Amino acid sequence: MAPTKDTMFRSADMSLTQLYIANEIGREVVSALGELGVMDFRDLNSETSAFQRTFTQEIRRLDNVERQLRYFHSQMDKASIPMRSIYDFNNPFISPKASEIDELADKSQSLENRISSLNESYETLKKREVELTEWRWVLREAGGFFDRARGQTEEIRHSLDNDDAPLLQDVEQSGQGEAAADRSFSVMNIGFVAGVIPRERIAAFERILWRTLRGNLYMNQSEIPEAIINPETNEEVSKNVFIIFAHGKEIIAKIRKISESLGADLYSVDENSELRRDQIREVNTRLSDLASVLKNTKSTLDAELTAIGRSLAAWMVIIKKEKATYQTLNKFSYDHQRKTLIAEAWAPTNYLGLIKSTLRDVNDQAGLSVPTIVNQIKTTKTPPTYFKTNRFTLAFQTIIDAYGTIKYREVNPALPTIVTFPFLFAVMFGDFGHGIILLTAALAMIYYERKLQRSKLDELFSMIFYGRYIVFMMGIFSMYTGLLYCDAFSKELPIFKSMWKWTENDDGSLGPTATRVEGYTYPFGLDWRWHDTDNDLLFSNSYKMKLSILLGWCHMTFSLGWSLVNALYFSTPIDIWGNFVPGMIFFQSIFGYLSFTIVYKWCVDWAARGQNPPSLLNMLIYMFLQPGTLENPDQPLYKGQAGIQVVLLLLAVICVPILLFLKPFYLRYEHNKARALGYRGIGENTRVSALDDDDEEGQNLNGGRESFGDDDDGIAMITQDIGHGGEHEEFEFSEVMIHQVIHTIEFCLNCVSHTASYLRLWALSLAHQRLSIVLWEMTMKIAFGFTGITGAIIMVVVFYMWFALTVAVLCVMEGTSAMLHSLRLHWVEAMSKHFIGDGVPFEPFSFKVLLEEEPVE
Amino acid sequence: MANGWAPFIGLIVLAIFCAGAWFGSPKGENQTIWRSTLLLSAVSMYLMWAITFLAQLHPLISPIREDIRNLGH
């Protein structure tokens, strides 16, 4: 087999390979293949659940390690310790040995224990500290309360005795009952409860106490000025100190219960001021001890986390790869003796050599005598579609893949899209200045590519960044079309001598009409004299409308041509004679003819002929409604116009039934012929399972694959296509017919609607041009009217405004809209002409892809 | 009428460029991309230029500008 070069034009040539890997080196082989990233492994155990597979145990273990690593990461986030970036490692992509993984797992286990115990003790200490702080506040505040309350023992008792007396009466009049101050509360059987409570609960707390105790209490409270930090949640809570005096043990017990249920923390306070002072002193010493212990714990924890942070990213990558390796190994099947792993994978044929040499290397390293065997299998399965992309082509390929997966070996529409997509965009976006802005932005993104790739971008910008090469092409083409439209920020670009001269009047003034410089046509783009004229829209509309039709015709003919290439490649001549040829004739006899007449009309010097040019629109209408007649029979576009139009119309009409009937009837004829000869579809009557049969038959049934006969019969399934399913479809005439009817109707109607659809090129370019003119006139033109210092200031301000609006509205907004329209022209108008697109995407097992999808930040 | 030949001259230039791009494209795995991109770009740019040129070859209307009197001389 001569290896062909893989290009972007068609999917790479894929082959289904079977690997026989010695059990001992399974992990190493898969890991090496993951680094290579060119094999799409098929799941050979799809009927077993995730738990029944061979390596579930290993995956579970790795899951645990991954969880531990995530825990370290979250702890580092909490302590705001930075993780060493993945890009700072020299080579984090070396696949480790199994023993190293074990080591890593053990290490992470012990580290987790250490970190969590440190954390735990830190949290307990912190909690203790909070408690002590609260207690200190209570002690401090309580002193004041006691002093005040002592002065009011009389009233308190009074109020308790007398239900009518209002509570807290004359709080301000403290100091009145100094005589009673020395009397102890206990003597009067007054108990108290002291504690702290979150500030937002204080109102509810008071209300509940009041209701349940019917006012039989004396409550005092004050706010703690600093917020208290909850060590568990790290949230700041502002709290109040309260102290409640009440009469009787039951009531005190009740108050305790209520306070605890409302989340208050109660602290013991002594009513004796001496003892209280001692308590405060003790709390203070304990607090300072605690602070030093806390500091030590924290610094140990931080040091530990910093040490982890130095290699955490690498560990994460290693574990991720390891897990993916085992998940892939789970897709493999075993031979009967469970000595050999059997894998099936799709791989690009051109990479087989590389795969083989990689496997040999792994084998040599392991020092195994049994080689890993790579077999190519012939199969009827559809191979996956694979295009090798690079930085430049990736975004274009994504545009096409977003529409549908390309059929295997079909023409890849992404290749022409590299040019046509930005070009059609530019036709709508044509402005030299705006093109420069786009190009500059794209070049900046390409220049800082590496840096931007590594930094986190917001969603919108990352999308633009992803399409930076599209923007680059768009910028180039926009500059070109801008030059052709002679627009730069809506101003003209007088590059060449104009083909128009203003008529000179007798009084020396100019205009309003112009005459043509004899025998001279403006060589490049639109003449700049058209700018700001009264009838420039009349001219540019006619020009842009025809431009759209002509470009649309070119694009669609080009796209239709690919269907011929596809039919030739897949050698289905019926698609050429039944679809392509009649379709092409139909399209060209109507719209090809229209394009021809447009160009022809331009080429004729109607003034020299002394003839009024016929209207093309009316011509087309007459061609259909009254074939054979012209609007002005005495003034035809060319001689014999009527006759030619009748012939073209007949051609188009004849093509419709051909398009409709040829393919389905031909397919039916083929099918019947095959049946008459006695052929049956595979699995139509009997389904023979290759796995149940003996070796010989199995091989014959599967199309004579390479056999691998030097092994004993233990490995009987060796060259069988494991999990072979019948993909054969039965021929159903009605289905084919209906399909073709739909195709015919769609094609004929679409020829009309798609041609009209290309008029969006005109509409959007008109809108873009008008908008930029309006923007100029509303800002810069007004600013030019001012002179002097004010003029200069206004100029600067207005210039920035104009520039900002140009970028935001004209480049970003208009650009997005033009891009979407260009996208539509590709997906609908162009791809409907040739795209088959029922392919299977190639999803290789690749560590690189894996790490791109789930980045280790 | 000498002007009318310009699109054909352009066509020759285009053909020469395309031939140059076809054979001059850097060899390697990206050769197809180079070739297709250069050729298609050249063709589409030529097409648009030619259409614009032809549209002005025998213009049916000429510019009219009332305010030109105030601007001139």
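**Reading two chains: surface, burial and contacts**

Modeller: Chain B has an accessible surface of about 4000 Å², and 73% of that belongs to carbon and sulfur atoms. Such areas come from the Shrake-Rupley method with a 1.4 Å probe; for residues, only the protein chains shown count as cover. This is a predicted model: local features need pLDDT of at least 70, side-chain atom pairs count only at pLDDT 80 or more, and totals for chains, interfaces and linings use all residues. Residues are numbered from 1 along each chain as its sequence is written, chains are lettered from A and ligands numbered from 1 in the order in which they are written, and side-chain values use heavy atoms, with hydrogens and water left out.

Biologist: How much surface does chain A expose?

Modeller: About 43800 Å², with carbon and sulfur atoms supplying 57% of it.

Biologist: Which helices and strands are there in chain B?

Modeller: Helices (H or I, at least four residues) and strands (E, at least two) are DSSP runs, numbered from the N terminus. Chain B has three helices and zero strands. Its pattern along the sequence is α-α-α. Chain A has 25 helices and 13 strands.

Biologist: Why does A:Glu112 count as buried?

Modeller: Buried means under 20% relative accessible area, exposed over 50%, and partly exposed in between (1.4 Å probe, protein chains only). A:Glu112 counts as buried because its relative accessibility is 12%. This residue lies in helix H3 (residues 98-151) of chain A. Buried residues make up 47% of the 857 residues in chain A. In chain B, they make up 47% of the 73 residues.

Biologist: Which residues does A:Glu112 touch?

Modeller: Contact means heavy atoms within 4.5 Å. Not counting residues up to four places away in sequence, A:Glu112 touches A:Arg67, A:Gln68, A:Tyr71 and A:Phe72.

Biologist: What can sequence separation tell me about contacts in chain A?

Modeller: Take contacts between residues at least 6 apart in sequence: in chain A, 80% of them join residues at least 24 apart. The figure for chain B is 59%. Now look at one pair. A:Val840 and A:Lys407 are 433 residues apart in sequence, yet 7.2 Å apart in space, C-alpha to C-alpha.

Biologist: Where is A:Val840 found?

Modeller: In the loop between helix H24 (788-830) and H25 of chain A. A:Val840 is partly exposed because its relative accessibility is 39%. Beyond its neighbours within four places in sequence, A:Val840 is in contact with A:Pro384, A:Thr385 and A:Thr405.
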